[in-house]
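The exercises below are meant to be worked through in order, with the sequence and the structure side by side. Please try each task before reading the solution that follows.

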Amino acid sequence: MSESTIWWLLAGVAVAVELATGTFYLLMVAIGLAAAAIAAHLGASTSVQLVTAAVVGSATVGIAHFVRSRGPEALPPGTNPDVNMDVGETVQVDDWQADGTALVRYRGAQWAVVQAGGAAPSAGLHRIREVIGSKLVVEKI
């Protein structure tokens, strides 16, 4: 088996493990392994192939980490509309209890509701800002 075949197999294993685990950085390592396979195709020595895999893999991991760290931070799951389909939906609150909570019927179930930000609760239409267990944190629309 040629050296380039071994590098391609290693790159394929890295991609397969990434698909199974969701570790994005393994794709960057696979790029380094593919670069070593190309170096082997071009007739480079084993030491040059190893250095190529290490340098290209490290560089792509570093670049990916830099790019991801510059992006916005992910919202907590309870407030992220990409994770929780209830965030951003509306509910009708008819009356509030003395302790600042209310009960509403939403999606076929009874939910406890609290007002976000400590504002004085008032009846009417509210938007869901966060879901904490079976409690909806809402804001007045």
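A residue is called buried when its relative accessible area is under 20%, exposed when that area is over 50%, and partly exposed in between, using a 1.4 Å probe and protein chains only. The model is predicted, and for that reason local features need pLDDT of at least 70 and side-chain atom pairs count only at pLDDT 80 or more, while totals for chains, interfaces and linings use all residues. Residues are numbered from 1 along each chain as its sequence is written, and side-chain values use heavy atoms, with hydrogens and water left out.

**Exercise 1. Find the aromatic pairs, and determine how each pair is arranged.**

Step 1. Rings of Phe, Tyr and Trp (for Trp, the six-membered ring) form a pair if their centres lie within 6.5 Å, and the pair counts as stacked with planes under 30 degrees apart, as edge-to-face over 60, and as tilted for the rest. By this test the structure holds two aromatic pairs.

Step 2. Phe24 and Tyr25 have ring centres 6.2 Å apart and planes at 70°, so this pair is edge-to-face. Phe24 is partly exposed, at 33% relative accessibility, and Tyr25 is also partly exposed, at 26%.

Step 3. For Tyr106 and Trp111 the centres are 5.9 Å apart and the planes stand at 70°, so this pair is edge-to-face too. Both Tyr106 and Trp111 are buried.

Step 4. Contact means heavy atoms within 4.5 Å. Setting aside neighbours within four places in sequence, Arg68 is in contact with Phe24 and Tyr25. Arg68 belongs to helix H3, residues 46-70, where helices (H or I, at least four residues) and strands (E, at least two) are DSSP runs numbered from the N terminus. Arg68 is itself exposed, with a relative accessible area of 52%.

**Exercise 2. Describe the largest nonpolar core, and say which strands supply its residues.**

Step 1. A nonpolar core is a set of buried Ala, Val, Leu, Ile, Met, Phe, Trp, Tyr and Cys residues joined through side-chain atoms within 4.5 Å. The largest one here has twelve residues, among them Val91, Val93, Trp96, Val104, Tyr106, Trp111 and Ile128.

Step 2. At least two residues of this core come from each of strand S1 (90-93), strand S2 (101-106), strand S3 (109-115), strand S4 (124-132) and strand S5 (135-140). The strand that gives the most is S2, with three residues.

Step 3. Consider two members in turn. Beyond its neighbours within four places in sequence, Val93 is in contact with Ala102, Val104, Val113, Ala123, Gly124 and His126. Ile128 lies in strand S4 and is buried, with a relative accessible area of 1%. With the same neighbours within four places left aside, the contacts of Ile128 include Asp86, Val91, Tyr106, Leu136 and Val138.

Step 4. As background, nonpolar side chains in soluble globular proteins tend to be buried together.

**Exercise 3. Which side chains form the salt bridges, and what parts do the pairs tie together?**

Step 1. A salt bridge is a side-chain nitrogen of Lys or Arg within 4 Å of a carboxyl oxygen of Asp or Glu. The count by this rule is two salt bridges.

Step 2. Asp86 and Arg107 meet in a salt bridge, at 3.0 Å from N to O. Asp86 lies in the loop between H3 and S1 and Arg107 in the loop between S2 and S3, so the pair ties together parts 21 residues apart in sequence. Asp86 is buried, at 4% relative accessibility, whereas Arg107 is exposed, at 51%.

Step 3. In the other salt bridge, Glu139 joins Arg129, and the closest N and O atoms are 3.7 Å apart. Glu139 lies in strand S5 and Arg129 in strand S4, so the pair ties together parts that are ten residues apart in sequence. Glu139 is partly exposed, with a relative accessible area of 28%, and Arg129 is partly exposed as well, at 42%.

**Exercise 4. What is the sign of phi at Arg107?**

Step 1. Most residues other than glycine have a negative phi.

Step 2. At Arg107 phi is near 55°, a positive value in a residue other than glycine. Arg107 sits in the loop between S2 and S3.
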